[in-house]
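I set out to record what I looked up in this model, beginning with internal cavities and continuing with aromatic contacts and one pair of strands.

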Amino acid sequence: MRPSWRAWQFPLLLLILTCSPSEAWIRARVSETGPFLSRPDYSNIQVRVNDQTVPGMTNSGGNVIITPDSDPMGALQAAANSWSGVATAGVTFAPLGKTSIATGDTNRPDEINIITFDDTPGNRSVVGDAIALTNTLFDPTNGMIEDTDLVFSPKLIFSTTLQAGTYDIQSVATHELGHSLGADHSGLLGATMFYAVRTASNILSILTADDVAFLTDTYPKSPSVAASFGSISGTVNLNTGGPVAGALVTAVDPSTSTAVGSVTDFSGNYAINKLPPGRYFVYTEPMDGPVMPDQMPDWFGASGSEANVNFNTAVLGGAATPQAVPVSAGQNASVNLSVVSGTPAINIEAAGAGPVSGSIRFVSGAVPLRAGQSADFAVYGPGLDDPTISESTISFFGAPITIVKSSFSRGVTSPSKFPIVGVTIQVAPNAPPGLVTMLVRSSSAAAVYSAGIKLLGSGPAFISAGVVNGASFSPGPVAPGEIVSIFGTGLGPAAGTVGGIDPATGFLTASLAGVTVTFNNTPAPLFFVRQDQINAEAPFEIAAQSTASVVVNYQGTASAPVTVVVGPTRPGIFQVPGSSQGVVVNQDGSLCDSSHPAPRGTTVTVYATGQGGIQPPLATGQLAPLSGPLSNAQAKVTATIGSSTADVSFAGMAPNFTGLLQVNVQVPSDAPTGPSVPITLNVGGVATQANVTIAVQ
């Protein structure tokens with residue numbers, strides 16, 4: 001066994017020490033030709049957080065490490081949930097635990113995965129001047145990861161509130177947990193696995209298609225997953241002959257803002273795997289900034305000295321007329337690129353955005369923008385003072401972004417005196433979340449700011465009719481404790497993320513992938529978030545109100561308040577997707593369906609939500625107990641199967657779940673038989689949705 005290290009450089013972010021040339025994204029491996037790193041425990045990864053990780057935590061000098069207004073455990077759990085919530089991958093992080101272990105040391109014989117902020121001599125020695133570091137123990141014979149310790153610097157300040165001068169805990173942890181899964185750094189500036197993060201920024205907490213491609217390829221949900229993706233592979237060669245080692249290659253689908261990257265090996269070969277079907281622009285660029293060889297694979301010699309950075313950016317089909325490559329599910333597209341040898345004539349070092357006619361802050365990383373936003377956007381770097389660069393030679397790959405006519409401007413930075421070019425842009429209101437590349441070309445060369453714009457959507461938007469029962473999807477009054485679904489736009493990340501249990505409270509977390517929801521300012525626990533849908537529990541605190549003001553906040557942008565009516569009950573029965581079949585379980589534990597009909601006289605369990613008040617009460621987000629007094633619905637619950645009244649022996653909260661109503665119903669002796677017999681619950685005088693069925697024999 002031997003340890004390896006991943007360090008986030010200060011004041012930016014991470015230094016990568018392992019990579020696999022010719023892989024999409026960048027996957028870590030034991031050696032240049034050795035096995036890739038992966039986790040044998042990927043389906044149930046247990047990570048423990050040092051028990052001193054609390055708001056207001058200080059270091060040995062009395063200086064604050066975690067701001068007092070932060071929720072570190074919630075942020076760390078949200079980071080784990082981001083990787084667990086990828087639908088095409090089989091990775092699951094167990095709910096975070098606690099440990100008294102304070103120092104990240106993979107030479108420990110217990111091999112416990114920990115997260116620590118604690119100020120110990122060992123942690124200071126390991127993390128050095130980095131922001132955070134993932135220390136990994138693996139078996140060099142097979143690449144199996146046996147222990148990963150994530151160490152946050154005790155010399156810096158972290159928060160979950162994006163305070164000026166603080167690093168976002170969720171962003172840092174999401175990146176580092178990617179390393180713990182075997183990912184190395186990405187050449188895409190907006191990817192979670194990009195090497196650098198800024199203070200008071202949380203955009204790296206959002207996984208991109210590049211990050212998802214790594215996870216799906218390394219830990220596929222099932223063998224059939226690969227059939228739904230395509231790939232692009234080929235070579236990068238010099239126009240003078242010979243392969244290009246260490247070239248970054250990127251594929252961008254402008255219709256979906258999907259960007260996935262790769263890097264060539266010593267033979268100039270690359271492969272971009274797990275691409276969603278679409279039409280992709282393909283380009284290659286040298287690692288000459290912002291991504292540099294010493295931040296990428298060290299397989300290219302000390303500090304990347306053997307990576308070729310002496311060639312000009314090339315776009316398939318030409319920078320002025322890029323060619324779209326169709327990618328189909330289950331198919332590979334071959335794309336070979338030829339590049340002009342020599343020092344790049346143009347290079348983009350940094351970019352920035354700001355209000356129209358306002359000030360611009362330049363960063364060496366991704367710039368966040370929102371759908372529908374107007375902004376001044378500028379880049380700087382050597383060669384951008386070429387007089388043939390103009391408004392007409394600037395374009396964007398990855399989203400419908402237009403340049404406002406006659407907005408082109410020039411300038412120079414101070415004190416470096418790099419030339420600046422800028423334009424005023426308008427992001428289309430329907431621009432999908434994702435990554436966008438800026439392309440600048442002169443009469444003889446081109447440069448890209450690769451995936452350097454991270455679109456976050458237009459911000460959350462929904463209407464009262466979009467707040468529905470989570471089982472029936474029926475509108476109407478919201479009941480306290482009900483599982484609700486909120487449908488709209490800009491509600492969360494493009495990839496759906498599943499919620500988890502906050503280890504600090506044992507309750508369902510109320511912050512997930514940058515999303516929070518409040519009802520009359522009370523946080524709602526979150527089951528699932530995605531750009532078009534949120535599943536949440538309506539807080540019990542709204543019981544005394546006639547209406548509730550619902551606000552969705554995503555990545556610091558809040559929706560307009562939406563008023564919904566509050567009612568005592570709004571029951572709905574969960575259904576098997578794509579059928580009228582209710583989620584009903586037989587007495588023997590099988591799902592009640594046409595293959596396993598419920599015999600007359602047996603008791604079935606019907607799962608629903610919207611029961612309203614319960615007794616004894618549970619707190620919002622609290623899991624119903626497995627033993628002891630069960631929480632019963634306060635309202636009267638009755639049931640019918642067919643036209644026959646069915647006896648209800650229990651109607652209350654399902655043990656170990658939040659917001660889930662369990663109703664135990666005896667199938668009447670005179671109930672109709674067949675595969676689709678109607679079933680209805682009535683809670684407090686309100687009936688569940690029509691056309692829900694069970695199978696009866």
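Entry 1, cavities. I looked up the largest cavity in this predicted model and noted a volume of about 100 Å³. I recorded eight cavities of 30 Å³ or more in the structure. For the lining of the largest cavity I listed S82, G85, V86, S205, I206, L207, P493, A495, G496, T497, A513 and Q555. I then sorted this lining by residue class and obtained six nonpolar, six polar and no charged residues.

Entry 2, aromatic pairs. My search of the whole structure returned 13 aromatic pairs. I examined W83 and F214, whose ring centres are 6.4 Å apart with the planes at 90°, so I entered the pair as edge-to-face. W83 belongs to helix α1 (residues 72–84) and F214 to helix α4 (residues 209–218), so this pair ties together parts that are 131 residues apart in sequence. I noted both W83 and F214 as buried.

I next examined F152 and F158: the ring centres are 5.1 Å apart and the planes stand at 85°, so this pair is also edge-to-face. F152 has a relative accessible area of 0% and is buried; F158 is likewise buried, with a relative accessible area of 0%. I found that F152 and F158 form one aromatic cluster with F117 and Y167.

Entry 3, strands. Which strand pairs with β13, and in what sense? I found that β10 (residues 230–238) pairs with β13 in the antiparallel sense, over five bridges. S233 stands opposite A271 of β13. I recorded strand β13 (residues 269–275) as mostly covered, with six of its seven residues buried.

Notes: Residues are numbered from 1 along each chain as its sequence is written. This is a predicted model: local features need pLDDT of at least 70, side-chain atom pairs count only at pLDDT 80 or more; totals for chains, interfaces and linings use all residues. Side-chain values use heavy atoms; hydrogens and water are left out. Buried means under 20% relative accessible area, exposed over 50%, partly exposed in between (1.4 Å probe, protein chains only). Helices (H or I, at least four residues) and strands (E, at least two) are DSSP runs, numbered from the N terminus. Two strands pair if DSSP finds at least two bridges between them. On a 1 Å grid over the protein atoms alone, a cavity is a set of points where a 1.4 Å probe fits but cannot get out, and a pocket is an open set with protein on both sides within 12 Å along at least five of seven lines; lining residues have an atom within 4 Å of a point. Grid points are joined across faces, edges and corners, and a volume is the space filled by probe spheres set on the points. Ala, Val, Leu, Ile, Met, Phe, Trp, Tyr, Cys and Pro count as nonpolar, Asp, Glu, Lys and Arg as charged, and the others, Gly among them, as polar. Rings of Phe, Tyr and Trp (its six-membered ring) pair if their centres lie within 6.5 Å; planes under 30 degrees apart count as stacked, over 60 as edge-to-face and the rest as tilted.
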